Amino acid sequence: MQKITLIWFRRNLRLSDNAVLRHAVARGLPLAAMYAWQRPSESVNPRQTAFHHQAAAELSAKLSAKGVPLFAVQGNVAEAVLDLATRLNAQSVLADEAYTPSETECDNRIWRLLDAQGIAFERFNDRTVFAKADIMSEHGRPYLEFVPYKQAWLHAFKQQIVGQRPSEQPDIPFQTAFADLPPFPEIEPAALMQQGGEQAAWRQWRQFVPQLGVYPLLKDFPTKKATSQLGVYLSAGCISPRALAAEAAARGAHDWLQNLIRRDFYQQWLFHYPEAARQIDEDAAFNADFFCRWAQGKTGFPLIDAAMRYLQRSGWLPPVLRQTAAQFWCVTLQQPWQHGARWFAHNQLDDDAAVNLGNWQTAAGLLSLHAPRVLHPTVAAQQFDPDGTFIRRHLPELAHLPKDVIHAPWLARGDVDSHGYPLPMVEI
């Protein structure tokens, strides 16, 4: 039986600028691919699971057109990789580099299982612009502060990437090594805010490009829709961060490029400091009633509640509202950040463990030498949603209130009908 190269697609669900695929094609052996999946009903984040499945289905169709099978497997991932690699007579298994502690632990187990069978397990950077050890301090240590990391990142980017063109889709020759190509499994339909897949990712980027000029001015106003909403495609790997960085730099979009830099920072930070993903401290002060009211959007602070209801309904929030809701939980309510991070992880369509943990620890003041600037919820509402449009859209019980009342309806409760909207849960 002829040897093959097995590609394990994880969070790099695309063909263009895919380092794993490029290295696999260069081996010159027939290709087969693998994708580990589960049904949304079995997942802690059903929306994201359905999105990834959509992206993998598009990928499967594109690979099938080249005669490359994509095997969708379920169950224990390590056992599935070993079983498929052995059954297909794989010479090597190639995958994108992992960053989270759980993935790294799983990869180490898979390496041992494959090595015992004489099968190589190789990983390549496909999730970030720079890999986990590319940007280090002058002492050879990873950065813990974002600002010096950003400076080092920009220097490396200028030296290594500016002017270079990210690789296009590899030329995959049509192959006939597999007589039958497996059908991709279907799942229950899901109503998603964004469509999965590489084609949709590039369409989203093209739609955002005209906004790059006003992004610095409008990004903190949720109703202006001035953010890229590319996080979900980056999280699933439907679009290359290297390609986006090159596109942004070529257009002089330095403010937006900082989002990709921070994303790289959080990935390398979590890899080098896996204890950052520690489990919830059961001894930490935790108020279950606070959590229920915050998660359900019933805190009595309109902007916080509008944000939390929108997150639960759509699976997405503008970055400024993620930060505002997180700071309210961590700083205003003085609650453990881990509970909030876990809730976001279960609801975000674009959830990425490193980015989510990094954002939450930044909001809690644990990833900075300086205490975070925290606005009073009413001040934040007046600043980010000055005319109350976002609040009205997501809190129908307050939709009738004028802008001089809607941010703090409790101050006029004797003069207006708030239709049962609660009073503030705490005094600030």
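Are D126 and R242 buried or exposed? That was my opening question today, and I found that D126 is buried and that R242 is buried too. A note to self before going on: this is a predicted model.

**Entry 1: around D126**

I looked at the partners of D126. Its side chain meets that of R242 in a salt bridge, 2.7 Å from N to O. I then checked where the two sit: D126 lies in the loop between β5 and α5, R242 belongs to helix α9 (residues 241-250), and 116 residues separate them, so the pair links distant parts of the chain.

D126 also forms a salt bridge with R14, and here the closest N and O atoms are 3.2 Å apart. This pair, too, ties together distant parts of the chain, 112 residues apart: R14 is in the loop between β1 (4-8) and α1 (19-26), and D126 is in the loop that follows β5 (120-124) and leads to α5.

How buried is D126 in terms of relative accessibility? I read 1%, and D126 counts as buried because the limit is under 20%. For R14 I noted a relative accessible area of 0%, so R14 is buried as well.

**Entry 2: E397 and R309**

Next I turned to another charged pair. E397 and R309 form a salt bridge, with their closest N and O atoms 2.9 Å apart. I placed E397 in the loop between α17 (389-394) and α18 (403-406), and R309 in helix α12 (residues 302-314); the two are 88 residues apart and link distant parts of the chain. E397 has 15% relative accessibility and therefore counts as buried. R309, at 18%, counts as buried by the same cut-off of under 20%.

**Entry 3: a network, and the total**

Which residues are joined into one network by salt bridges that share partners? I listed R10, D96, E103, D107, R123 and R127. For the whole model I wrote down a count of 18 salt bridges.

**Entry 4: α5 against α10**

I wanted to know how α5 (146-160) meets helix α10 (residues 254-272). The two helices pack at an angle of about 110°, and their axes are 10 Å apart. An angle from 65 to 115 degrees counts as roughly perpendicular, so that is how I describe α5 and α10. The crossing of α5 past α10 is right-handed.

Which residues make this contact? From α5 I noted F146, Y149, K150, W153 and L154. From α10 I noted L257, Q258, I261, R262, D264, F265 and Q268. Sorted by character, the residues of the contact come to 7 nonpolar, 2 polar and 3 charged.

**Entry 5: two more buried residues**

I finished with Q175 and T324, starting with Q175 in the loop between α5 and α6 (198-208). Q175 has 11% relative accessibility and so counts as buried. What does Q175 touch, leaving aside its neighbours within four places in sequence? I found P30, L31, K66, G67, V68 and P69 in contact with Q175.

T324 is in helix α13 (residues 319-332). With a relative accessibility of 11%, T324 counts as buried. Not counting residues up to four places away in sequence, T324 touches L303, I304, A380 and F384.

How values were computed. Residues are numbered from 1 along each chain as its sequence is written. This is a predicted model: local features need pLDDT of at least 70, side-chain atom pairs count only at pLDDT 80 or more; totals for chains, interfaces and linings use all residues. Side-chain values use heavy atoms; hydrogens and water are left out. Helices (H or I, at least four residues) and strands (E, at least two) are DSSP runs, numbered from the N terminus. Buried means under 20% relative accessible area, exposed over 50%, partly exposed in between (1.4 Å probe, protein chains only). Contact means heavy atoms within 4.5 Å. A salt bridge is a side-chain nitrogen of Lys or Arg within 4 Å of a carboxyl oxygen of Asp or Glu. Axes are lines fitted to C-alpha atoms, for helices over the stretch in contact, and angles run from 0 to 180 degrees between N-to-C directions. Angles under 35 degrees count as roughly parallel, over 145 as roughly antiparallel, 65 to 115 as roughly perpendicular and the rest as oblique. A crossing is left-handed if the near helix is turned anticlockwise from the far one by less than a right angle, and right-handed if clockwise. Ala, Val, Leu, Ile, Met, Phe, Trp, Tyr, Cys and Pro count as nonpolar, Asp, Glu, Lys and Arg as charged, and the others, Gly among them, as polar.
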